[in-house]
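Please look through the model below before reading on. The note after it takes up a few points in turn.

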Amino acid sequence: MSEEKQEMREDTTQRNERHHEEKKYQFMREQIRPQGRHRARKMARTGGVILFLGVLFCGISVLTFYIMRRYWPVESLGAEVIYVTPTPADKTEEPAPTKQENDINALSLEQYAKASKALLSQGNKVKNALVTLWTKEDHDANISKSSLCGVAFQQSNRGIFILAPNTYAADTNDAYAEFSDGSQAKVTCMGQSSSSGIAVYRVNRSELSDKMKKELVVVSLGQSDTLKLGTPVIAVGRPNGVMYSVHTGLITNNDLEIPVTDGSVSVCTTDVAYSEQGAGYVISIQGNLIGMITTSYTDQTGTSDMAFVQMDCLQQCTANILQGEQETHMGVTGSAVNAAEAKEFDLEKGLYVQAVSVSSPAYQAGIRVADVITEIDKKAVNSASMLHHVLQSYKAGDTVTVTAYRKTPKGKKQKETIKVTLQ
């Protein structure tokens, strides 16, 4: 029993000790909790006082500044005051460019400089394809040899073929070509087109200097489908009147169809400055020949921008000349009559004759201004380009039947059937 009592006393002692410990910790927790709340309230009061003092100080400062500015202006202190003029209401101040914008602008300028340099370099490559044409008569009369510019555009194993304006007569036998190295060679005229205003000259390879035989460039012909608005082009020859000068620009108009005798020419304008002494050729950025500079159609193209005739409408002429075929000539200039014009003016749809060359086959046959040509040998003719296309299927000496409509003195349409012998 004594052992059991002893164990009971020990259990009781342990329970008392645990109870005492729990009481002690409870007392400590009860003492610490109020101290934490007191500290938080004290910090909140301190923060509130600081905030109040800050607001009060700012209010006093603003009030003081206002009173000083109103009753004691800075001008009274003798200091210089710069007043900034306000920006007008209809204008906004542009923000200063950022570093990224500066980098982009610098890159754009660098790219533009590189592109311009590349275009000029491409133009300079054509230098050895350009020639100056002159005659002995011009030379003897001390006429400038820079009056006519040609370009090598075809070649054979024996000769070089040069495209140029048809300034000289086809039977000229004393024409010469001066190349970029200063050497000269005699040329012969293969043929010319009075409607397109071009001629083709031939130089024998044996006439070329050894240097020119190695360095001569023959320019390839390009296509007009590349002649879109805004397309970069390169003017070579003497676009500003100085031989071997190079200009670059953009196409500003690619839709000019200008009537010429027995056909029409397609003309483009550029933003290159116009020059009355300008002549030469236009090449693409790939280096292909796409046009011949012209100053003949300023009524349509203006006198401020350079214009050129597209090579597409000259290729058939040059091909005929190279093949030894004579250009078929009828002698009329006209423009298309569309459906609206036909209805308004009571005309037939076809080619309205604007001019008839004196002594031409058309004039001799009886075709007159204001006639409307509708057919040639039952082939429809509704534009100047169609007239040119139809005439190319005939040769000089052929006789064709032209169907035309003419207004009588009473204003009625009268059908005319006219026989024309082409030259």
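The numbered points below go from the whole chain to single strands and a surface patch.

1. The model is predicted. Its chain has 423 residues, and buried residues make up 34% of them. The secondary structure consists of nine helices and 18 strands.

2. Contacts between residues at least 6 apart in sequence were sorted by separation: 60% of them join residues at least 24 apart. The surface exposed by the chain comes to about 26,200 Å². Carbon and sulfur atoms supply 53% of that area.

3. Helix 1 covers residues 2–71, and Leu56 lies in this helix. Is Leu56 buried, exposed or partly exposed? Its relative accessibility is 42%, so Leu56 counts as partly exposed; the class lies between the cut-offs of 20% for buried and 50% for exposed.

4. Leu56 also belongs to a nonpolar patch on the surface. The other members of the patch are Val49, Phe52, Leu53 and Ile60. Together the five residues have about 490 Å² of accessible area.

5. A barrel is closed by six strands, with antiparallel pairing. Their order is 1-2-3-6-5-4. Within this sheet, neighbouring strands are turned against each other by 45° on average, with direction ignored.

6. One pairing to check by eye is that of strand 4 (residues 175–178) with strand 5 (residues 184–193). These two strands run antiparallel and are joined by four bridges. One residue to start from is Ala177, whose bridge partner in strand 5 is Ala185.

7. Strand 11 spans residues 289–294. How many of its six residues are buried? The count is six of six, so strand 11 is largely enclosed by the rest of the structure. The cut-off behind this count is a relative accessible area under 20%.

8. Strand 11 pairs with strand 10 (residues 279–283) in the antiparallel sense, over three bridges. Val282 has Gly291 of strand 11 as its bridge partner. The hairpin of strand 10 and strand 11 has five residues between the strands. In this hairpin, Gly287 takes a positive phi near 90°.

9. Strand 11 is also joined to strand 12 (residues 305–310), by four bridges. This pair too runs antiparallel. Which residue of strand 12 is the bridge partner of Met292? The partner is Val309. Strand 11 thus has bridges to strand 10 and to strand 12.

Methods. Residues are numbered from 1 along each chain as its sequence is written. This is a predicted model: local features need pLDDT of at least 70, side-chain atom pairs count only at pLDDT 80 or more; totals for chains, interfaces and linings use all residues. Side-chain values use heavy atoms; hydrogens and water are left out. Patches are made of residues with over 30% relative accessible area and no salt bridge: like charges are joined within 9 Å, nonpolar side chains (Val, Leu, Ile, Met, Phe, Trp, Tyr) within 5 Å. Accessible areas come from the Shrake-Rupley method with a 1.4 Å probe; for residues, only the protein chains shown count as cover. A salt bridge is a side-chain nitrogen of Lys or Arg within 4 Å of a carboxyl oxygen of Asp or Glu. Buried means under 20% relative accessible area, exposed over 50%, partly exposed in between (1.4 Å probe, protein chains only). Contact means heavy atoms within 4.5 Å. Two strands pair if DSSP finds at least two bridges between them. Axes are lines fitted to C-alpha atoms, for helices over the stretch in contact, and angles run from 0 to 180 degrees between N-to-C directions.
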